[in-house]
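Biologist: I would like to learn how to read a model of this kind, feature by feature. Could we begin with the strands and work outwards from there?

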Amino acid sequence: MATSVRQVRQTVVDGVTVEVRRSTRRRRTVSAYRQEGRLVVLVPDRLTRAEEGEWVRTMLARVTASEQRQRRSDTELLARAGHLSRTYLAGRAQPSSVRWVANQESRWGSCTPAEGSIRISDKVRGMPAWVLDYVLLHELAHLIEPGHGPDFWGLLSGFPRLERARGYLQGVAASAGLTLSDE
Ligand SMILES: [Zn+2]
């Protein structure tokens, strides 16, 4: 890929450092991502400087909007976790952060009890709210009880749709050929 990049240019737009990479391989598509605080924009080499400038502004707005959406949805997730902890765990689980993650292939959710952080797979996003609640509650319970022994399942016993949610996830995993487990 590096060989197709003909020119790399840095500029500053609205206080953001932007690196524009012109690629001879790209024909039409423009893409952008954030890297170490700066915005990297990949554009086709044939664009004029004016077109490039327009695209940089468009992509900066798009990336910023998507980052704001992500932050907002992580905030909602943390609020939901707080509600579940109060409802089913007498508020004993107090996560420091709860966020959506995209790069989680083998688990619906995971947590780091020492940090109190919880990560929920993007795959759960489109599922019914009670399934997301179960995945959240499962990780919240792990902040109290790391294993999957009777004490762990005892913590979850107040959740009304426990078995339905577990069955739902097993069904999704099976039909998608995934080896995802909720344990
Ligand atoms: Zn577990």
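Modeller: Let us begin with a pair of strands, bearing in mind that this is a predicted model. Strand β1 (residues 5-13) and strand β2 (residues 16-23) run antiparallel and are joined over eight bridges. To follow the register, look at threonine 11, whose bridge partner in β2 is valine 18.

Biologist: How many residues lie between β1 and β2 in their hairpin, and which residue of the turn has a positive phi?

Modeller: Two residues separate the strands, and aspartate 14 in the turn has a positive phi of about 50°. On its other pairing, β2 is joined to strand β4 (residues 38-44) by six bridges, this time in the parallel sense. There the register can be read from arginine 21, whose bridge partner in β4 is leucine 42.

Biologist: What pattern does the protein follow when it is read along the sequence?

Modeller: The order is β-β-β-β-α-β-β-β-α-α-α, which comprises four helices and seven strands.

Biologist: How should I check the length of a helix such as α1?

Modeller: One multiplies out the rise of 1.5 Å a residue and compares the result with the distance between the ends: the 40 residues of α1 (residues 49-88) should span 58 Å, and because the end C-alpha atoms are indeed 58 Å apart, the two values agree. The buried residues of this helix are Val56, Met59, Leu77, Ala81, Leu84, Ser85 and Tyr88. Just after α1, alanine 90 takes a positive phi of about 50°.

Biologist: Which way do the side chains of a strand point, and which of those in β7 are buried?

Modeller: In a regular strand, side chains alternate between the two faces of the sheet. Strand β7 (residues 117-121) shows this alternation, with Ile118 and Ile120 pointing to one face and buried, whereas Ser117, Arg119 and Ser121 point to the other and are not buried.

Biologist: Which strands pair with β7, and in what sense?

Modeller: Strand β5 (residues 97-101) pairs with β7 in the parallel sense over five bridges, and strand β6 (residues 109-112) pairs with β7 in the antiparallel sense over four. The two isoleucines just mentioned help to fix the register, since valine 98 stands opposite isoleucine 118, while glycine 109 stands opposite isoleucine 120. The hairpin of β6 and β7 has four residues between its strands, and glycine 116 takes a positive phi near 75° there.

Biologist: What does the UniProt record say about residues 94-159?

Modeller: The unreviewed UniProt entry annotates residues 94-159 as "domain: YgjP-like metallopeptidase". In the model, this span is 35% helix and 21% strand, and its end C-alpha atoms lie 18 Å apart.

Biologist: How is the protein divided into domains, and how many ångströms separate their centres?

Modeller: The division gives domain 1 (2-66) and domain 2 (89-175), and their centres, taken over C-alpha atoms, are separated by 38 Å.

Biologist: What radius of gyration does the protein have, beside that of a compact globule?

Modeller: A compact globule of 183 residues would have a radius of gyration near 16 Å, but this protein has 22 Å. Along the principal axes, its C-alpha atoms fill a box of roughly 65 × 35 × 25 Å. Of the 183 residues, 22% count as buried. As for contacts with a separation of 6 or more, 38% are between residues 24 or more positions apart.

Definitions and conventions
Residues are numbered from 1 along each chain as its sequence is written. This is a predicted model: local features need pLDDT of at least 70, side-chain atom pairs count only at pLDDT 80 or more; totals for chains, interfaces and linings use all residues. UniProt positions are given in the numbering used here, feature names are shortened, and annotations may be inferred rather than shown by experiment. The expected span of a helix is 1.5 Å times one less than its number of residues. A residue is buried if 20 or more other C-beta atoms lie within 10 Å of its own, exposed if 12 or fewer, and partly exposed in between; C-beta atoms are placed from the backbone. Two strands pair if DSSP finds at least two bridges between them. Domain bounds come from an automatic or database domain assignment. The radius of gyration is taken over C-alpha atoms; the globule rule is 2.2 Å times the number of residues to the power 0.38. Two residues are in contact if their C-beta atoms, placed from the backbone, lie within 7 Å.
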